[in-house]
Amino acid sequence: MAPMTSHRASTIGELLRARRLAASLTQEALAEMAGVSARAIADLERGVIRAPQRETLEMLSDALDLSPWERDEWEALRRRLSTRQPGATTQPRSAPPLPQLPNVLIGRQREVNALKNLIAQPDTRLVTITGPGGVGKTRVALAVGHELGSAVRHGVYFIELASIRDPALLIPTIARQLGLRVDDPSAVQSRLTAFLADRDVLLILDNMEHLRTAAAQVSQLLSGTKSPNILVTSRAGLRVSSEHEFPINPLRLPEWSSGSDPRLLETFPSIQLFVQRARQVDPDFRLDTRNAAAISSICAYLDGIPLAIELAAARIKVLDPEQMLPKLVHSLGFLSDGLIDAPDRHRTMRAAISWSYDLLEPVDQHFFRRLSTFVGGWTIDAAEAVAPPGIDPIERLGRLTNDSLVRRTMPTSGDQRFTMLETVRDFGI
């Protein structure tokens with residue numbers, strides 16, 4: 001086949017289309033041969049992508065069996081066009097360093113390893129870490145990002161979303177964090193999709209529960225591309241077809257009995273966390289036979305929620321564990337005075353739960369408050385009995401469960417039951 005000349009071509013897309021048609025290849029066939037997405041080839045030929053990454057151009061050149069002089073000509077054109085690509089910066093900024101974990105992550109290595117394995121699967125592009133407020137979703141996501149960082153060629157980007165209120169700002173925020181400038185607001189989605197098409201990146205979208213109406217746009221970023229992966233933290237699943245949910249449970253709790261060896265307690269993550277945080281405010285604090293039962297009871301009463309345990313442990317400066325335990329009845333007022341450099345929603349347990357509660361529709365808030373009157377959980381029949389008139393209690397119970405405010409238990413026998421974490425129930429009554 002005679003080599004194609006490019007004297008009349010002004011873009012790589014024009015060159016690509018001419019060479020592809022001369023080879024009698026469809027976009028899909030060329031994509032399969034080159035190992036890139038058909039969407040990337042279509043965007044190149046349409047001019048959405050004007051200057052592809054060098055690696056992408058090399059894979060296309062190999063698939064089309066370009067001659068050395070053609071390769072040089074294509075690369076020279078790529079360099080010229082990359083200096084004047086309209087509407088967007090031509091090169092992404094380097095991924096900024098990920099935020100460091102404020103302290104040692106306790107009891108979550110199993111989850112971190114499982115998430116790394118899940119993200120590595122070829123059919124997994126979007127993973128949502130779900131769980132109640134204060135369970136540690138952000139810290140787990142950051143730990144995954146740090147451990148995967150060197151394996152992600154174009155970097156891991158941590159994008160904090162809690163301060164964004166308008167779902168329409170989600171995609172522009174992601175684009176801005178990646179260093180992509182788009183002058184036309186209507187083109188942000190397509191520009192960002194094209195920008196990510198041939199880049200190996202991991203996007204961590206932190207705190208997305210209040211932006212779920214924009215979840216379809218996140219899913220669209222992955223459509224037709226092979227490279228980027230997205231890890232989301234949210235108190236509720238996004239409910240899009242590409243999503244893999246990964247629930248984070250509270251920390252494992254011990255069963256204390258009189259005469260147990262306190263040293264065995266420190267093998268449980270919830271106890272380790274209490275002791276570590278207590279030592280941050282009182283270096284002389286120790287777990288011993290005198291306070292072991294009280295510490296075990298505190299962690300159990302707080303359902304193993306890391307934020308609640310940390311807030312309780314901070315009170316060790318003024319209260320011994322034995323004095324602290326009775327004050328946990330109606331514990332939300334007690335679990336306050338968090339770190340001043342923590343987000344507002346993590347400075348008190350009330351604020352952490354309120355963040356989720358405020359996202360509910362009024363009818364769901366009403367139903368939630370009624371359900372919180374049950375001590376020890378409830379059955380479907382009981383939920384139907386207290387449901388506000390005119391609503392479908394099964395549908396509404398499903399919403400509260402998806403929002404991590406209600407938990408389904410799996411009893412060994414008898415009817416299925418639902419419960420709330422004790423701090424969540426305390427908020428509702």
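In which helix is Glu384 found? I looked this up in the model, which is predicted, and located Glu384 in helix α18, spanning residues 380-386.

**Entry: charged patch.** I next examined the surface around this residue. Glu384 gathers with Asp381, Asp392 and Asp415 in a surface patch of negative charge. I recorded a relative accessible area of 39% for Glu384, so I entered this residue as partly exposed.

**Entry: open sheet.** I then traced the strand order β6-β8-β7, in which 3 strands form an open sheet with antiparallel pairing. The edges are held by β6 (378-379) and β7 (407-409); each has a single partner strand, so one side of each lacks a neighbour in the sheet. Between β6 and β8 (residues 417-419) I noted 2 bridges, with the two strands running antiparallel. For Trp378, I found the bridge partner in β8 to be Phe418. As background, I noted that strands of a sheet pair through backbone hydrogen bonds.

**Entry: positive phi.** I also looked up backbone angles, bearing in mind that most residues other than glycine have a negative phi. Ser24 is not a glycine, yet its phi is positive, at about 60°. I placed Ser24 in the loop between α1 (12-22) and α2 (27-34). Arg239 likewise shows a positive phi, near 65°, in a residue other than glycine. Its position is the loop between β4 (229-234) and β5 (243-247).

Are these two residues buried or exposed? Ser24 has 67% relative accessibility, which is over the 50% cut-off, so I entered Ser24 as exposed. Arg239, at 67% relative accessibility, I likewise entered as exposed.

Terms used. Residues numbered from 1 in each chain as written. Predicted model: local features only at pLDDT ≥ 70, side-chain atom pairs only at ≥ 80, totals over all residues. Heavy atoms only, no water. Patch = residues over 30% accessible without salt bridge, like charges linked within 9 Å, V, L, I, M, F, W, Y side chains within 5 Å. Areas by Shrake-Rupley, 256 points an atom, 1.4 Å probe, with all protein chains shown as cover. Salt bridge = Lys/Arg side-chain N within 4 Å of Asp/Glu carboxyl O. Lys, Arg positive; Asp, Glu negative; His and termini not counted. Charge placed at Lys NZ, Arg CZ, Asp CG, Glu CD. Helix = DSSP H or I, 4+ residues; strand = E, 2+ residues; numbered from the N terminus. Buried < 20%, exposed > 50% of the residue type's maximum accessible area, 1.4 Å probe, protein only. Pairing = 2+ DSSP bridges.
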